[in-house]
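Welcome! Below are a few short exercises with worked solutions, to be read alongside the sequence and the 3D view.

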Amino acid sequence: MKSLEDLVVFAKVNGFIFPGSEIYGGLANTFDYGPLGALLKNNIKKSWIQKFVSETSSNILLDSSILLNSEVWRSSGHVGGFSDPLTECKSCHERFRADHLVAKFDSSLNTDKFSLSEMDEFIIKNHIKCPSCGKENFAPIKKFNMMFQTYQGAVIESANQIYLRPETAQGIFINFKNIQRSLRKKIPFGVGQVGKAFRNEITPGNFIFRTREFEQMELEFFCKPGTELEWFDYHKNICRKFLLDLGIKEENLIFRDHEKESLAFYSNATCDIEFRFPWGFDELWGIASRTDYDLGVHQKGSGENLMYLDPDTNEKYLPYVIEPSLGVERLLLALLFSAYDTEILDNNEERTVLHLHPALSPYKVAVLPLIKKEHSEKALEIYNSLIKHFSVTYDSSANIGKRYRRQDAIGTYFSVTVDNDTLTNDTVTVRYRDSMKQVVVSLKDLNSFILNAISF
Ligand code: ATP
């Protein structure tokens, strides 16, 4: 696996990810997704929707607001409790997450079990030093709420204060009744949502791993109380399959089930799927069995009856929820680490190749006229017919070997070369990115040949 530094350079040079606000000196820990990054991100979201919504007949999609009535966040517990333990080095004024300092010192400890004062004591007793200046001079740990606040309307006063959502899930819970009734959904069913979330993280970092603005792909799966642990296992399995099918290697994944004592008070099972990043295993995807906690707090907070009436058995209950929650950018990072490679070829030449699943490749196909003057017209005709079906790029500059290398580096799955045979026989040479093997395909079959190969 490449280093983080290599990947950052690769992503910038090849148009995947740029530092945010760069020409103004930047804005710490913000990133812009370049033309190829935007396509890759979009393909990741499409694949998630395909597997977790479109191909699962019980599931449906939602697109709820980022801005919600502040009461939603009071009921959900975010206003009071969505916080991390913050400490500040009194010598250099750098701020840190105290639980991360403790975990870095001894990764076997479960920091969720520590109170703030226990964490304070642990840091002093073990002489944990500031990672920035090396001094032992930390201020007492405080709770820091990660909700981004803003104001709605022209007057900046507390009555108008609202929050940017720190997760997409609450938009699903507060629409439970609308969704269930309007679509006459029967339990069990799931509601998926993809969208932006904002957290004022104390220590963002590791490139796009932890940022303050990110996107989530969340599924809230509503089921009958008593069946939730079966559904929890079911979702663990389909999450695993999704990652493996996209090309992440089994040995780079750990499914870390939380022990009973470290479960959140509302959860009866939780599993973090961790990926082996260059800095070690770290959370990629959280799956939690959340009981009826979320619907319960919103029923209480809003005064609306959110009970489900089973039309077949006449049973009335508050559904339980399984929540697999995944960050788009974290998955993108894990996929780039899994795909980015340099290979030495038989002729000792080095090639950079991005072995992305073709469904994720920014471009599925590159159309390349062998000789610009002679084959461009036909090549453009082919390009114009293919772009109606999938994303295609066109390149007529430099020799064909160089053009192949360029496409390999950005993950383009097929290169289609247009030459004299195309003009006389209506055939093209199709080159596979990974094996570099070439096959001759007739023009009339080209579209279906490509579609078959790139499906997910
Ligand atoms: P962490 O422990 O890494 O802070 P979390 O347990 O708070 O994450 P969840 O609240 O469970 O994370 O969020 C679900 C998923 O959303 C995470 O598994 C991750 O993929 C993504 N995610 C959460 N916070 C961020 C962030 N600041 N930047 C990018 N992705 C994030």
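**Exercise 1.** Which element gives the largest share of the shell around the ligand?

*Solution.* Keep in mind from the start that this is a predicted model.

Step 1: Collect the shell. There are 16 residues surrounding the ligand, and the closest are E201, R210, T211, E283 and L284.

Step 2: Look for elements that contribute two or more residues to this shell; these are β10 (213-223), β13 (280-289) and β16 (320-327).

Step 3: Pick the top contributor. With four residues, β13 supplies the largest share.

Step 4: Sort the shell by class. You should find six charged, five polar and five nonpolar residues.

**Exercise 2.** Find polar partners for the oxygen atoms of the ligand among L284, R330 and Q216, and then work out how much of the ligand is covered.

*Solution.* Step 1: Start with the backbone. An N or O atom in the backbone of L284 sits 2.8 Å from a ligand oxygen.

Step 2: Turn to the side chains. In Q216, a side-chain N or O atom is 3.2 Å from an oxygen atom of the ligand. For R330, the side chain places an N or O atom 3.0 Å from a ligand oxygen.

Step 3: Now consider the surface. The ligand on its own exposes 590 Å², and 82% of that is buried by the protein.

**Exercise 3.** Describe how domain 1 and domain 3 meet.

*Solution.* Step 1: Mark the domains on the sequence. Domain 1 covers 4-68 + 164-337, domain 2 covers 88-96 + 106-142, and domain 3 covers 363-454.

Step 2: Take the distance between centres. For domain 1 and domain 3, the C-alpha centres are 37 Å apart.

Step 3: Count the residues in the contact: six come from domain 1 and four from domain 3.

Step 4: Finish with the area. Between them, domain 1 and domain 3 bury about 400 Å², with 65% of it on carbon and sulfur atoms.

**Exercise 4.** Locate S58 and list what it touches.

*Solution.* Step 1: Find the loop between α2 (35-54) and β3 (59-62); S58 is there.

Step 2: Leave out residues up to four places away in sequence. S58 then touches K185, P188, F189, G190 and F221.

Step 3: Check the side chain. That of S58 makes a polar contact of 3.0 Å with the side chain of N59.

Step 4: Follow one partner, P188, to the loop between α8 (176-182) and β9 (189-198). A cis peptide bond links I187 to P188, with omega about 5°.

**Exercise 5.** Is phi of H127 positive or negative?

*Solution.* Step 1: Go to the loop between α6 (116-125) and β6 (142-145), where H127 lies.

Step 2: Read the angle. Phi of H127 is near 50°, a positive value in a residue that is not glycine.

Note on methods
Residues are numbered from 1 along each chain as its sequence is written. This is a predicted model: local features need pLDDT of at least 70, side-chain atom pairs count only at pLDDT 80 or more; totals for chains, interfaces and linings use all residues. Side-chain values use heavy atoms; hydrogens and water are left out. A residue is near a molecule or strand if one of its heavy atoms lies within 4 Å of it. A polar contact is a pair of N or O atoms within 3.5 Å; within protein, one must be able to donate a hydrogen and the other to accept it, and residues adjacent in sequence count only if both atoms are side-chain atoms. Accessible areas come from the Shrake-Rupley method with a 1.4 Å probe; for residues, only the protein chains shown count as cover. Ala, Val, Leu, Ile, Met, Phe, Trp, Tyr, Cys and Pro count as nonpolar, Asp, Glu, Lys and Arg as charged, and the others, Gly among them, as polar. Domain bounds come from an automatic or database domain assignment. Contact means heavy atoms within 4.5 Å. Buried area is the accessible area (1.4 Å probe) that two parts lose on being put together, summed over both.
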